[in-house]
Amino acid sequence: MNYVRTGFSLFFEYDTPRIVHIQSKKVGVINRFIQLCIIAYVIGFAIIYKKGYQDFDNVQSVVTTKVKGIAMVNTTVHPNIQPIWDVADYIVPPQENNAFFVITNLIVTPNQSLGKCPEDSTVIGSNCTADKDCVAGTSLPVGNGILTGKCDTDVGRCEIYAWCPVENGSIKKPDPAVLEDTQHFTVFIKNNIEFPKYNVKRRNLPDNVSNEYLQNCRYDGGANSRCPIFTLQSIVEGANSGSYSSIATEGGVIQIRIKWNCNLDLSVDECLPEYSFRRLDSSTYKISTGYNFRFSRNFKDSNGTEFRTLYKAYGVKFVISVSGQARKFAPVPFFTVVGSGLALLSIATVVCDIVVLYVLKARALYREKKYLQVISDDAYKPMD
Amino acid sequence: MNYVRTGFSLFFEYDTPRIVHIQSKKVGVINRFIQLCIIAYVIGFAIIYKKGYQDFDNVQSVVTTKVKGIAMVNTTVHPNIQPIWDVADYIVPPQENNAFFVITNLIVTPNQSLGKCPEDSTVIGSNCTADKDCVAGTSLPVGNGILTGKCDTDVGRCEIYAWCPVENGSIKKPDPAVLEDTQHFTVFIKNNIEFPKYNVKRRNLPDNVSNEYLQNCRYDGGANSRCPIFTLQSIVEGANSGSYSSIATEGGVIQIRIKWNCNLDLSVDECLPEYSFRRLDSSTYKISTGYNFRFSRNFKDSNGTEFRTLYKAYGVKFVISVSGQARKFAPVPFFTVVGSGLALLSIATVVCDIVVLYVLKARALYREKKYLQVISDDAYKPMD
Amino acid sequence: MNYVRTGFSLFFEYDTPRIVHIQSKKVGVINRFIQLCIIAYVIGFAIIYKKGYQDFDNVQSVVTTKVKGIAMVNTTVHPNIQPIWDVADYIVPPQENNAFFVITNLIVTPNQSLGKCPEDSTVIGSNCTADKDCVAGTSLPVGNGILTGKCDTDVGRCEIYAWCPVENGSIKKPDPAVLEDTQHFTVFIKNNIEFPKYNVKRRNLPDNVSNEYLQNCRYDGGANSRCPIFTLQSIVEGANSGSYSSIATEGGVIQIRIKWNCNLDLSVDECLPEYSFRRLDSSTYKISTGYNFRFSRNFKDSNGTEFRTLYKAYGVKFVISVSGQARKFAPVPFFTVVGSGLALLSIATVVCDIVVLYVLKARALYREKKYLQVISDDAYKPMD
C-alpha cells in the first residue's frame, strides 16, 4: 500500500465509516422510532412551526394622533364649569409622544390667589385648637400649602400660605362624569413603522382609500378592522374592563396596542397592523385606582395680581404601544437548526448501541463485531 | 480478551470509528467540494460575515433637546399674529420626552368667548332654513360646538354654543408659512446611551471639544458628522422629501434616527452615533397630510369673563428614535455555530455514501467493505 | 447475503459504526479530558449558567406618575417669584409619557410685552456705536429678538423687536436653588408590564398592601424596596452623582430604571421589579451641563394687550425606562444547544485521531486497524 500523500492526492480520496449493519426487528424499531421523533421535531416543530429558518427584526415606529369632538357640560349641575369643551380645552398637554390624554371629569376651583387661608378640612392634621398645633414652615402630608404657624380658631384649622381658597377636598368627583360626552369623540391614529434590517416601511392607513372613507369609517374590530379612526367608547369597550361611564368618572389608563407581525417571505401587503386594547389600571384594584392630575390656567387682574383656576382633571390616558417583528428566511438560523438536528440524530445511535451492546442476549456477538480491540503498550490493566 | 471494566479503566481508553479509505477521483472530488462549501459557509458566512461569534445587547437611551432661534412675522400680511416668536412661544408643549414640536405656521382666532353664534360656513350640515334643520344638543361631524336648536336665519346657518366667534374654516393655511424663519433655528440634541449587559455608556457629544466648538459647529453629514447641533433646515433636507417651505406650510413629522451599532470587540471609542432623517407623513400621500393641532391661551377680562386666543398650529414634530446594538464575542453563540457546522460536515459523508453505494459501478465492492452484516434471530426476512 | 430491500424491511434494521477500541493511557486521557471539557461547557455553561434551555420575551410597559409636595420660596431673596409652588405650578407640562419634570430653580422675567428695546448686554455682538453695527432683520446667535437696525446709543446696544424687557442674562441662576424644598417631594410611580409571549402581566404595586401602607411607605433600597413611592432626594442620592442642592441649582436628567428580569420557570410571584437610578448629564462634564427650558404664562391687560411672565426653569427631568426579559423553558433553544454540543464532542475524536495516527510510535498499527484501503479504478496515483 502506498501511504505517501501529496497535497494533491488529498483531493481524490474519501473516508466513510465502516458500519455494522444489524437486521433485527427490536433494535430496528427502536432506531427508526427515535430517528423519526428527531426528524419530526427538527422539520415539523423547529423549522416549520417555530419558523427556525427565519431571522427577525424589531419594529421602529412613530405615532401621531388627532382627537375630534365637542362636549357640553350640564351647567345646571355644574355652574362653575365652562359649558363647552373643545379640543383645545380637553387635550392636556395639546400633544404628546405616543400618547394622548382626554379630560372626562373635573373638579374646578376658580379664582385662587396667593395668600393665607385655613387648610382644607379633609387634610389629616389640619385641625387645631391653638397656634402650637401648627408648626410654622412645614406642610401636612397631603396638604395644600405651608403652615404659617397660626391656628385659625374661627374654623379650628391651621392657617396656610397657599393658593386660596384651597380646593375643597370634601367635594366628591362628579358621577356621572362632567364630560361623559367624550365617549362619542373620535381619534385618528396615524402609525408609520419600519423594519430597518429589511428596509420595509408600512403605515396603518390602507393605501387605496378615499378621503371620504377616512371621514366616515370607524374601527370596529370586524369589517372595518383596517380603519384607523376609533371612537373613544369603542376603545374602552374593547379593553373589556368596565363601562365608559365608570372610567370617565375616575379616570384610567388604556393601552392601545398595535401589533405588526409580518412574515416577509410572504407578500409585504399582508404585513398589516392588529389593534388591541387593554386597561392598565385595573378597575378591580382596591387601591390607587383611576388617573387624574392637576393643572391651572393663570390670569392677572387689572392690578397685576395673579390668580388662577385650578383644574383637578380626571381622564383617560391613552398610551399607544407599537410592537412587532418581521421575520424572513435567513441562512444562518436555518443551517444552525439543521446542523443541530443532524447532530441530534446521533442520539438514536447512542441509544440503540446501549440496547445492542448491553441488553440483547446476543450482545457479546454484537460487541465483537462492532469493536476491534487494540491494546497499546501503555494500556491500563486492572486485572494484572 | 478482557471485557471487565472498572470505572477507572474507563479513563484510559479511546474509541475511534473504523473507516473505509477510498481512493477515487470522482468520489473524492464530490466529497471535498461539499466539505469546502460547508466550511466556507460556516467560517466565511456564519462566523465572519454574520458575526456568529458575538452575542448582542440592545441600546438604552435618553434624549434631551434644546431649540434656539427667534422668528419674526410679516405683520403687514398677518396683522392678527404676534410679531415676534421666541422659544417660549413656538415650542408646545415646552418640553417632551424623545420629541419636540416647532410651530411653523398658524391660523389665529383671537378673542373667543363662550356663547352662542352661527356655526362656521364650511362645516357640512351647518346650513339651515328653519329651526327644524338644527337638532338641539347634537354637534355636526367636524363642527365647533353644540347646536342650540335654533337657525340663525340672517346668515342661514345653525346656531351653536361654542367659543365664539368660531374659527373661520374658509381661511386657508398661510403660504408661505408664517414662521418660515424657523428653518434657521438650531437644535442641540443630547443623547446618553447605555448597553447594560456590557456596562458601556456613551453619549453623542465628542469628549474633547471646547464650549466654543459646541457654540459654532453645525451637523452637516460630512466633516461635522459628530456635531450634535442641527439646523432645522438641514434635518428637513436630510429627510429628502420636499423643501422646508412645503413642510413648514402644512406641518409634518420627521424622525431623527440615531443609530449606535457598536462592535465592542474593537475599541469602545469607535462606538459612535450615526444620524439619519426621514419624513414620516410622506408628502406624496393624497390624504391626511401634514401635522397640526389646536391649543389656546386663556385670559380673563376685568369682569372675570374668560376669553381665549385659539391657535391652529401647523408645525414639524421631530421624533427622536434611538436604536442600535452592541455586539461582543461570547462563547455560546460561537460554539453553537461551530458545533452546528461540524454536524453539517456529515452531509458530505451522506451524499458521497449515496454515490459510492448506489451509483458507482463498483458499488457492490464498496458495500461489502463498508458493511458488516449481522442478522439477528428476530430479523425481518421478506424473502423467506 | 440478501441485499434485496423492501421498504418494509427498512424499519427493522440498524446501522452502527464499527469502532477501533484502543486501550492506551496517553490517548485515553486526552480523549476523556477533551470530552469532559466539552460536556462541562455544554451542560455547565451554555445550559445552566447561560440558561440555554430558555427562550425569552421583552417587556411591554406603561408608566404613570404622581408627584406630591408644596414648596415655599424665600421671598426676601426672590421678591419677583410667587411665594408658594404647588403641583399645578412646578410640573411642566402637567403630564408626560414615561417622564416627569420638576422645577427646582427659576429665573423669572415678569411683565414682558411685545415691542422694541435694547438687546441684552451679555449677548455677544449686541454692542454698537452706530446704526450700521446692527443689521436690520437679523438676530444675534443667542439673542432675544430681531434687530430693528437702530443702535440705542444711550446704552450702546442694538435695538431689537422682542418680548421687552428682555431676560437679563447677567443674572446668575440662584444658588441655593429657589425650590430646594422639592427634595422632600414624593413621587408615586405606577408601572404595569406585560410579557405578551407568555401572557404574564405584573405591576410594581405589591398585591396585598393596604391604602395606609401606600400612604406612609417610602422606597429605600432596603426593607422597603417594594414600595413604589420615592422621595426626590432618595432618587437623586441613589444616582450617586452629587448632592440634591447641586442638581437643583443647575437642573439635570435622572433616569429611573425599572428592571423586570423574570425566570418564569420559577413562580411568577418572584417576577419583581428592581429600581436603579442614574444621572445622565454627568455633573463632571465641563460643557453643556444641567437641564433647563423656558416657558411663559401669558396674560392680557384691560386694553387687550398681551403680556407675559417668562420663566427660565431649571429642574430635574426624571425619565423612567422600563427594561427586562422573561425567560422560560422552550424546546428549540434547548435542543439546538444540546445538538450543537453533541456535534462538538466529535472534536475529541478528531484530536485523538491526530495523536493516534500521526504522533504515537505505534501509528502504523493504528492506521492499519482504523483504515481499510480501497483503491478504485480511477484513483489518483502520484507515484505511478
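The lining of the largest cavity divides into 19 nonpolar, 6 polar and 7 charged residues. Here Ala, Val, Leu, Ile, Met, Phe, Trp, Tyr, Cys and Pro count as nonpolar, Asp, Glu, Lys and Arg as charged, and the others, Gly among them, as polar.

This is a predicted model, in which local features need pLDDT of at least 70, side-chain atom pairs count only at pLDDT 80 or more, and totals for chains, interfaces and linings use all residues. Residues are numbered from 1 along each chain as its sequence is written, chains are lettered from A in the order in which they are written, and side-chain values use heavy atoms, without hydrogens and water.

**Cavities**

The whole structure holds 8 cavities of 30 Å³ or more. A cavity is a set of points on a 1 Å grid over the protein atoms alone where a 1.4 Å probe fits but cannot get out; lining residues have an atom within 4 Å of a point. The volume of the largest is about 920 Å³, taken as the space filled by probe spheres set on the points. It has 32 lining residues, and those closest to its centre are A:Ser296, B:Pro94, B:Ser296, C:Pro94 and C:Ser296. Strand 16 of chain C gives the largest share of the lining, 6 residues. Helices (H or I, at least four residues) and strands (E, at least two) are DSSP runs, numbered from the N terminus.

**Strands of chain C**

Strand 13 (252-259) of chain C has 7 of its 8 residues buried, that is, under 20% relative accessible area (1.4 Å probe, protein chains only). Two strands pair if DSSP finds at least two bridges between them. The table lists three pairings in chain C.

| Strands (chain C) | Bridges | Sense |
|---|---|---|
| 13 and 17 (306-323) | 8 bridges | parallel |
| 13 and 15 (274-279) | 6 bridges | antiparallel |
| 3 and 18 (325-329) | 5 bridges | antiparallel |

C:Ile258 has C:Val322 in strand 17 as its bridge partner. C:Ile256 stands opposite C:Phe277 in strand 15. An open sheet of 3 strands runs in the order 3-18-14 in chain C, with mixed pairing. Its edge strands are strand 3 (54-58) and strand 14 (262-263), each pairing on one side only. C:Asp55 is bridged to C:Lys328 in strand 18.

**Chains A and B**

In chain A, 78 residues are in contact (heavy atoms within 4.5 Å) with 90 residues of chain B. The two chains bury about 7500 Å² between them, 59% of it on carbon and sulfur atoms. Buried area is the accessible area (1.4 Å probe) lost on being put together, summed over both parts. A:Tyr14, A:Arg18 and A:Gln95 supply 11% of the area that chain A buries against chain B, more than any other three residues.

How values were computed. 1 Å grid on protein atoms, 1.4 Å probe; cavity = no way out; pocket = protein on both sides within 12 Å on 5 of 7 lines; lining within 4 Å. Buried < 20%, exposed > 50% of the residue type's maximum accessible area, 1.4 Å probe, protein only.
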